[in-house]
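Hi,

Here is the structure I said I would pass on. Have a look at it first, and then read my notes below.

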Amino acid sequence: VVVSQTRQAAAAAVGALEKQQGPKPAADWKARITGYGNYCPPPLSEEHTTPAPKTVSGKLNRFVGDQLQDVVNDIKTKGAVGTLKDSALDSVDMLADGVGAV
């Protein structure tokens with residue numbers, strides 16, 4: 001009984017909102033969704049796409065290169081001392097997680 005009354009109240013509330021605002025056309029919903037990464041993202045240009053490595057050494061090289069680029073970006077934004085502090089704190093967190101898993 002309570003569930004059916006709740007459904008009826010919710011349906012009445014939705015109906016009242018639709019009467020006030022009018023129904024939303026599909027194009028409006030499409031415009032609202034676009035840009036949030038879940039509907040037709042723009043294609044990447046050729047310069048931003050690189051083929052995925054197929055060998056283990058290729059994957060390792062890509063991983064190391066990405067990590068080095070992250071460190072360089074951290075140094076640019078936080079400075080050398082800030083980067084070292086963050087690295088030390090990350091190391092402590094990983095150590096604590098490893099000890100907690102045992």
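Let me start on the surface. Leu60, Phe63, Val64 and Leu68 together make a nonpolar patch of about 400 Å². One of them, Val64, sits in helix H3, which runs over residues 56–101. With a relative accessible area of 40%, Val64 counts as partly exposed. A patch residue needs over 30%, so Val64 qualifies at its 40%. As for the spacing along the chain, an α-helix has 3.6 residues a turn, so residues three or four places apart point the same way.

Now the wider picture. Please keep in mind that this is a predicted model. The protein has three helices and zero strands, so to speak an α-α-α pattern when you read along the sequence. Of its 102 residues, 3% count as buried. The protein exposes about 9200 Å², and carbon and sulfur atoms supply 63% of that area.

How far can you trust it? The mean pLDDT of the protein is 77, with 67% of the residues at 70 or more. Among the elements, H3 has the highest mean pLDDT (88), while helix H2 (residues 26–33) has the lowest (60). Where pLDDT is low, the predicted coordinates should not be read in detail.

H3 is also where most of my notes ended up. A straight helix of 46 residues would span 68 Å, but H3 spans only 28 Å between its end C-alpha atoms. Look for a kink of about 115° in H3, centred on Lys78. The buried residues of this helix are Gly58, Gly82 and Thr83.

Lys78 turns up a second time. What does its side chain meet in a salt bridge? The partner is Asp86, at 2.5 Å from N to O. Side chains of opposite charge can pair when their charged atoms come close. A search of the whole structure finds one salt bridge. Is Lys78 buried or exposed? Neither, in fact: Lys78 is partly exposed, at 44% relative accessible area. Asp86 is partly exposed too, at 27% relative accessibility.

One last spot is Ala52, in the loop between H2 and H3. Ala52 counts as exposed because its relative accessibility is 55%, and the cut-off for exposed is over 50%. Ala52 and Arg62 are 10 residues apart in sequence, and their C-alpha atoms lie 9.0 Å apart in space.

If you only have a minute, go to the kink centred on Lys78 and then to the salt bridge between Lys78 and Asp86.

Cheers

How values were computed:
Residues are numbered from 1 along each chain as its sequence is written. This is a predicted model: local features need pLDDT of at least 70, side-chain atom pairs count only at pLDDT 80 or more; totals for chains, interfaces and linings use all residues. Side-chain values use heavy atoms; hydrogens and water are left out. Patches are made of residues with over 30% relative accessible area and no salt bridge: like charges are joined within 9 Å, nonpolar side chains (Val, Leu, Ile, Met, Phe, Trp, Tyr) within 5 Å. Accessible areas come from the Shrake-Rupley method with a 1.4 Å probe; for residues, only the protein chains shown count as cover. A salt bridge is a side-chain nitrogen of Lys or Arg within 4 Å of a carboxyl oxygen of Asp or Glu. Helices (H or I, at least four residues) and strands (E, at least two) are DSSP runs, numbered from the N terminus. Buried means under 20% relative accessible area, exposed over 50%, partly exposed in between (1.4 Å probe, protein chains only). The expected span of a helix is 1.5 Å times one less than its number of residues. The bend at a residue is the angle between axes fitted to the seven residues ending there and the seven starting there. pLDDT is the predictor's confidence in each residue, from 0 to 100.
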